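Morning, everyone. I have one structure to go through today, and I will take the whole chain before the sheets. Here it is.

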Amino acid sequence: MESDKSNRTGRRDLLLILVILSLSALLFAWNRSRHTSPAATVEISVDGKLAATLSLDTDQEFTAKSASGGTNRLLIQDGEVWVLEATCPDKICIRQGKIQHDGELIVCLPNRMTAKITGGN
């Protein structure tokens, strides 16, 4: 009798896990589809103020300078943006890699810089 009860409990647990995994996959796919539209620009903010709005259609470099003296050198190439160099100690902004889709963001907390992709459909 106890074997039947534990078998039903195991099935319920498995069903619950499958439902949660399915919902997670659906939410991930829905969110990803919302942020894959082609983007047009990157908005670079420093110290909470918009420093530049640059087109992703033109290959270019931009150096963001904060009031505290920190700098981030960004590169736009082939419709992608990434941080080439930064004066921050941890270099997390460099390791964030390339961004190209609407809504994606690179953040450098020590230098108070953000680069956000905008202009998607």
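I'll begin with contacts. Taking contacts in the protein chain with a separation of 6 or more, 34% are between residues 24 or more positions apart. Please keep in mind that this is a predicted model.

A few other totals for the chain. There are 121 residues in the protein chain, and 26% of them are buried. The accessible surface of the protein chain is about 8100 Å², and carbon and sulfur atoms hold 56% of that.

Now the secondary structure. The protein chain has two helices and seven strands. Reading from the N terminus, the order of elements is α-β-β-β-β-β-α-β-β.

How are the strands arranged? One group is an open sheet of four strands, in the order E2-E1-E7-E6, and the pairing is antiparallel. Its edge strands are E2 and E6, where E6 covers 105–108, and each of these pairs on one side only. On average, neighbouring strands in this sheet are turned by 15 degrees against each other, direction ignored.

Let me walk across that sheet. Strand E1, residues 41–46, and strand E2, residues 49–55, run antiparallel and are joined by six bridges. One residue pair to look for here is Val 42, whose bridge partner in E2 is Leu 54. E1 and E2 form a hairpin with two residues between the strands, and in that hairpin Asp 47 takes a positive phi near 55 degrees.

Moving on from E1, we come to E7. E1 and E7 are paired over six bridges, again in the antiparallel sense. Ser 45 has Thr 114 as its bridge partner in E7.

Then there is E6. Four bridges connect E6 with strand E7, residues 113–118, and the two run antiparallel. Across this pairing, Ile 106 stands opposite Ala 115 in E7, and Cys 108 has Met 113 as its bridge partner in E7. These two strands also make a hairpin, with four residues between them. Arg 112 is in that turn, with a positive phi of about 55 degrees.

That leaves the other sheet. Three strands form it, in the order E3-E4-E5; this sheet is open too, with antiparallel pairing. Why do E3 and E5 each have one side without a neighbour in the sheet? Strand E3, at 60–65, and strand E5, at 80–86, stand at the edges and each has a single partner strand, so one side of each is left without a neighbour. Neighbouring strands of this sheet are turned by 25 degrees against each other on average, direction ignored.

Within this sheet, strand E4, residues 71–77, is joined to E5 by six bridges, and the two run antiparallel. Gln 77 is one residue to find on screen: its bridge partner in E5 is Glu 80.

Last, the aromatic rings. How many aromatic pairs are there? The count, with ring centres required to lie within 6.5 Å, is zero. There is, however, a charge over a ring: Lys 98 lies over the face of Trp 82, at 4.4 Å from the ring centre.

To go back over the main points: there is an open sheet of four strands, E2-E1-E7-E6, and an open sheet of three, E3-E4-E5. Both have antiparallel pairing. Thank you.

Methods: Residues are numbered from 1 along each chain as its sequence is written. This is a predicted model: local features need pLDDT of at least 70, side-chain atom pairs count only at pLDDT 80 or more; totals for chains, interfaces and linings use all residues. Side-chain values use heavy atoms; hydrogens and water are left out. Two strands pair if DSSP finds at least two bridges between them. Axes are lines fitted to C-alpha atoms, for helices over the stretch in contact, and angles run from 0 to 180 degrees between N-to-C directions. Rings of Phe, Tyr and Trp (its six-membered ring) pair if their centres lie within 6.5 Å; planes under 30 degrees apart count as stacked, over 60 as edge-to-face and the rest as tilted. A charge sits over a ring if NZ of Lys or CZ of Arg is within 6 Å of the ring centre and within 35 degrees of the ring normal. Buried means under 20% relative accessible area, exposed over 50%, partly exposed in between (1.4 Å probe, protein chains only). Contact means heavy atoms within 4.5 Å. Accessible areas come from the Shrake-Rupley method with a 1.4 Å probe; for residues, only the protein chains shown count as cover.
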